[in-house]
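Here is a walk through one structure, written for someone meeting it for the first time. Have a look at it, and then we'll go through it piece by piece.

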Amino acid sequence: MAVLLARRAVILVVSLLVSSGLVFAFMQVLPGDPARVALGVNASEDAVARLRADYGLDQPLIVRYLDWVGGLVRFDLGTSYISRALIGPQIADRLAVTLWLVGTAMVIAIVLALPLGTVMAVRHRQLSGLLLSALSQIGVAIPSFLAGLLLITVFAVSLRWLPANGWTPPANDPVMFLKQLVLPAVSLGLVQSAVLTRYVRSAILDVMREDYIRTARAKGLLPMRALWRHGMRNASVPVVTVLALQLATLLIGAVVVERVFVIPGLGSLLLDSVANRDLIVVQDVVMLLVLAVLLVNMVVDVIYVAIDPRMRAGGAR
């Protein structure tokens, strides 16, 4: 296990370095000048040149890249080109909002997908299994932002049960916080649960065709009991893989959903920074998302070893 963790840590560091180089290079090829955007189109060239010097934009690219990466290592995310405010506190506040949204959506997706996917697999030849499969296919085809708009139309505009948008910190008003969290979290969670349900169904169907499940059935165990006692652990390996991918998808989907529901999360900060040409904020937010995805993949690799003894033996070699 120690060797596996060390190997994954090295892969994580190398992946972060490569990703940081790609993110920085991509930011440099985008059109526009942050100093010009900050001062306005009527600013003189001398004023723009002085602001570029203040930002360090007149330095060679390699120097700027090393300064930026060095700041990330020291947890110094720099200063916004537009607001001149420290970026670290801004991202921390927005990250807390996004984590509430993504975490709740992931719980909704798991709570719905695991039992529904299992029922779809066990009853795949029955009408109920076919109906659930058809509903999941429809859910896969609906994007999160469209699901959000439909939920707003029904529950906020027509029924007036829940607010259509906005965000209240849980410490200020827990009841309003929950009301404003429901619709965006459900819009993300429902769509992802439809995708996850298909993978759960496929994984369980593969396990149900194994000889050891047929042997358990021949000994008198009911399908669900045989599956629970002998097959769930094997079926969980591909599902864990999909959960990691789903979490990355939720982080990306939250960017659009936050805009639909006017939620001040990382997605809104990223879109606003792109519009304002605040490239240093964009770089920091994108690298934070990259780090989150890479950490999730690393954790999944460790979970594989805990779930599947065969992989533990392979890792030891």
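Arg259 counts as partly exposed because its relative accessible area is 39%, which falls between the 20% and 50% cut-offs. That side chain has a partner: Arg259 and Asp272 meet in a salt bridge, with 2.8 Å from N to O. Asp272 is partly exposed too, at a relative accessible area of 30%. The pair ties together distant parts of the chain, with Arg259 in helix α11 (residues 232-260) and Asp272 in helix α12, 13 residues apart. Side chains of opposite charge can pair when their charged atoms come close. How many salt bridges turn up in a search of the whole structure? The count is 1.

Keep in mind that this is a predicted model.

**The overall picture**

Stepping back, the chain has 14 helices and 0 strands. Reading along the sequence, you meet α after α, in the pattern α-α-α-α-α-α-α-α-α-α-α-α-α-α. Of the 317 residues in the chain, 38% count as buried. Among contacts with a separation of 6 or more, 71% are between residues 24 or more positions apart. The accessible surface comes to about 17,300 Å², and carbon and sulfur atoms hold 68% of that.

**Inside the chain**

In soluble globular proteins, nonpolar side chains tend to be buried together. Here the largest nonpolar core has 24 residues, and Trp68 and Val285 have the most contacts inside it. Helices α1 (2-29), α3 (45-55), α4 (61-73), α5 (87-122), α12 (266-275) and α13 (279-307) each give two or more residues to this core. The biggest giver is α13, with 7 residues. Apart from this core lies another one, of 20 residues, and Ala105, Leu151, Ala185 and Val257 are among them.

Trp68 deserves a second look. Which residues does Trp68 touch, if you skip those up to four places away in sequence? They are Ser20, Val23, Phe24, Ile280, Gln283, Asp284 and Met287.

Phe24 in that list is also a ring partner. A pair of aromatic rings is described by the distance of the centres and the angle of the planes. The structure has 6 aromatic pairs. In one of them, Phe24 and Trp68 are stacked, 6.2 Å centre to centre with 25 degrees between the planes. This pair bridges distant parts of the chain, since Phe24 sits in helix α1 and Trp68 in helix α4, 44 residues apart. Both Phe24 and Trp68 are buried. Add Tyr65, and ring pairs link Phe24, Tyr65 and Trp68 into a cluster.

**Helix α7 and its surroundings**

Now over to another part of the chain. Ala147 is found in helix α7. Is Ala147 buried or exposed? Ala147 is buried, with a relative accessible area of 11%, under the 20% cut-off. Leaving out residues up to four places away in sequence, Ala147 touches Ile142, Ser187 and Val191. Ala147 and Val186 are 39 residues apart in sequence, and their C-alpha atoms are 8.7 Å apart in space.

Leu150 is in helix α7 as well, but Leu150 counts as partly exposed, at 47% relative accessibility. Leu150 helps make a nonpolar surface patch of about 410 Å², together with Phe145, Leu146, Leu149 and Val256. Helix α7 (residues 144-158) brings the largest share of that patch, 4 residues.

Gln192 is in helix α8 (residues 174-208). Although its side chain is a polar one by name, Gln192 is buried, with a relative accessible area of 6%. Beyond its neighbours within four places in sequence, Gln192 is in contact with Ala109, Ser144, Gln246, Thr249 and Leu250.

**Two positive phi angles**

Most residues other than glycine have a negative phi. Two residues in loops go the other way, and here they are side by side.

| Residue | Where | Phi | Relative accessible area |
|---|---|---|---|
| Arg160 | loop between α7 and α8 | about 60 degrees | 69%, exposed |
| Val262 | loop between α11 and α12 | near 55 degrees | 48%, partly exposed |

Arg160 is exposed because its 69% is over the 50% cut-off. Val262, at 48%, counts as partly exposed.

Technical notes
Residues are numbered from 1 along each chain as its sequence is written. This is a predicted model: local features need pLDDT of at least 70, side-chain atom pairs count only at pLDDT 80 or more; totals for chains, interfaces and linings use all residues. Side-chain values use heavy atoms; hydrogens and water are left out. Buried means under 20% relative accessible area, exposed over 50%, partly exposed in between (1.4 Å probe, protein chains only). Contact means heavy atoms within 4.5 Å. Accessible areas come from the Shrake-Rupley method with a 1.4 Å probe; for residues, only the protein chains shown count as cover. Patches are made of residues with over 30% relative accessible area and no salt bridge: like charges are joined within 9 Å, nonpolar side chains (Val, Leu, Ile, Met, Phe, Trp, Tyr) within 5 Å. A salt bridge is a side-chain nitrogen of Lys or Arg within 4 Å of a carboxyl oxygen of Asp or Glu. A nonpolar core is a set of buried Ala, Val, Leu, Ile, Met, Phe, Trp, Tyr and Cys residues joined through side-chain atoms within 4.5 Å. Rings of Phe, Tyr and Trp (its six-membered ring) pair if their centres lie within 6.5 Å; planes under 30 degrees apart count as stacked, over 60 as edge-to-face and the rest as tilted.
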